Amino acid sequence: MFAAVAAFLITRDATFGFIRQALPGRAYTATVLAGLAVSAVAYGLAVVWLRRLP
């Protein structure tokens with residue numbers, strides 16, 4: 001869960017400035033959707049990695 005939250009926050013901080021200029025009316029929605037997509041991938045990777053541990 002930490003990996004998902006960290007990925008969401010990093011993606012939000014990294015993409016909000018660009019998306020705010022590219023899509024001014026949908027900046028918050030697009031940023032949240034991008035953050036959710038990245039956090040889902042990060043969560044899946046973390047779960048796979050943790051299952052490989054002894």
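Let me begin with one pair of side chains, those of Arg 12 and Asp 13, which meet in a salt bridge with a nitrogen-to-oxygen distance of 3.5 Å. Please keep in mind that what we are looking at is a predicted model. The structure holds one salt bridge, and its two partners differ in how they are covered: Asp 13 counts as exposed because its relative accessible area is 57%, over the 50% cut-off, whereas Arg 12, at 37%, is partly exposed.

Now to helix α1, which runs over residues 2-22. What span should we expect for its 21 residues, at 1.5 Å a residue? The expected value is 30 Å, and the C-alpha atoms at the two ends are indeed 30 Å apart, so the two agree. Even so, I would not draw α1 as a plain straight rod, since there is a kink of about 45 degrees in it, centred on Thr 15.

Which residues of α1 are buried? They are Ala 4, Ala 7, Thr 11, Phe 16 and Ile 19, and the buried residues of this helix pack against α2, residues 27-52. As a general reminder, an α-helix has 3.6 residues a turn, so residues three or four places apart point the same way.

Finally, let me turn to the surface, where Met 1, Val 5, Leu 9 and Tyr 43 make a nonpolar patch of about 400 Å². One of these residues, Leu 9, has its place in helix α1, and with a relative accessibility of 34% Leu 9 counts as partly exposed.

How values were computed: Residues numbered from 1 in each chain as written. Predicted model: local features only at pLDDT ≥ 70, side-chain atom pairs only at ≥ 80, totals over all residues. Heavy atoms only, no water. Helix = DSSP H or I, 4+ residues; strand = E, 2+ residues; numbered from the N terminus. Expected span 1.5 Å × (residues − 1). Bend = angle between axes of the 7 residues up to and from the residue. Buried < 20%, exposed > 50% of the residue type's maximum accessible area, 1.4 Å probe, protein only. Contact = heavy atoms within 4.5 Å. Patch = residues over 30% accessible without salt bridge, like charges linked within 9 Å, V, L, I, M, F, W, Y side chains within 5 Å. Areas by Shrake-Rupley, 256 points an atom, 1.4 Å probe, with all protein chains shown as cover. Salt bridge = Lys/Arg side-chain N within 4 Å of Asp/Glu carboxyl O.
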